Amino acid sequence: QVQLVESGGGLVQAGGSLRLSCTASGSIFSINVMGWYRQAPGKQRELVGRIGSGESTNYADSVKGRFTISRDNSKNTVYLQMNSLKPEDTAVYYCNLQQSSRLGTSYGYWGQGTQVTVSS
């Protein structure tokens, strides 16, 4: 099993910044993908950005140039630096870890979520 613990959410004015952190513990494989998703009220959960263990990244178009995802493999931690925040970034942000066993079985894990609220 894998546990994901997020921190860093909060209330910020438009144009401000926040940094989210997520630390994984438990049975973590050396090759995995960690990412951030978000879900606003009444909307589906969507990808914000993700990063592989080799540090390749991809982002949603809506956050490109404003958000940066990074990771520290020695700490099993992924970060999301959010700059130039907009009210439409308001959502619950969830950390996610995806990994596969040697037999090819895929596993996905979610954190409990952290609220980010951007006021106009």
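The points below walk through selected features of this structure, which is a predicted model.

1. The disulfide. The count of disulfides comes to 1, and the link in question joins Cys-22 to Cys-95, with a distance of 2.1 Å from S to S. The angle about the S-S bond is -85 degrees, and the link of Cys-22 and Cys-95 is left-handed. Cys-22 belongs to strand β3, which covers residues 18–26, while Cys-95 belongs to strand β9, which covers residues 91–100, so the pair ties together parts that are 73 residues apart in sequence.

2. Surroundings of the two cysteines. Are the two ends of this link buried or exposed? Cys-22 has a relative accessible area of 0% and is buried, and Cys-95 is likewise buried, with a relative accessible area of 0%.

3. Asn-32 and its contacts. A reader who turns next to strand β4, which runs over residues 32–39, will find Asn-32 there. Asn-32 counts as buried because its relative accessibility is 5%, where the limit for that label is under 20%. A polar atom of the Asn-32 side chain lies 2.8 Å from the backbone oxygen of Phe-29. When residues up to four places away in sequence are not counted, Asn-32 touches Ile-51, Gly-52, Ser-53, Arg-71, Leu-97, Gln-98 and Gln-99.

4. Asn-76 and its backbone. Most residues other than glycine have a negative phi, and it is with this in mind that the next two residues deserve a look. Asn-76 is a residue other than glycine with a positive phi, near 50 degrees, and its place is in the loop between β7 (67–72) and β8 (77–82). With a relative accessibility of 29%, Asn-76 counts as partly exposed.

5. Ser-84 and its backbone. Phi of Ser-84 is also a positive value, near 50 degrees, in a residue other than glycine. Ser-84 is found in the loop between β8 and β9, and with a relative accessible area of 41% Ser-84 is partly exposed.

6. Salt bridges, beginning with Arg-38. Side chains of opposite charge can pair when their charged atoms come close, and in this model the count of salt bridges comes to 4. One of them is formed by Arg-38 with Glu-46, where the closest N and O atoms are 2.7 Å apart. Which of these two partners is buried, and which is partly exposed? Arg-38 counts as buried, at 6% relative accessibility, whereas Glu-46 counts as partly exposed, at 37%.

7. Lys-64 with Asp-61. Another salt bridge is the one in which the side chains of Lys-64 and Asp-61 meet, at 3.1 Å from N to O. Asp-61 is exposed, with a relative accessible area of 65%.

8. Asp-89 with Arg-66, and the network. The side chains of Asp-89 and Arg-66 meet in a salt bridge at 2.8 Å from N to O. Asp-89 sits in the loop between β8 and β9, and Arg-66 sits in the loop between β6 (57–59) and β7, so the pair ties together parts that are 23 residues apart in sequence. Both Asp-89 and Arg-66 are buried. Through salt bridges that share partners, Arg-38, Glu-46, Arg-66 and Asp-89 are joined into one network.

Key
Residues numbered from 1 in each chain as written. Predicted model: local features only at pLDDT ≥ 70, side-chain atom pairs only at ≥ 80, totals over all residues. Heavy atoms only, no water. Disulfide = S-S within 2.5 Å. Helix = DSSP H or I, 4+ residues; strand = E, 2+ residues; numbered from the N terminus. Buried < 20%, exposed > 50% of the residue type's maximum accessible area, 1.4 Å probe, protein only. Polar contact = N/O pair within 3.5 Å; in protein donor to acceptor, adjacent residues only side chain to side chain. Contact = heavy atoms within 4.5 Å.
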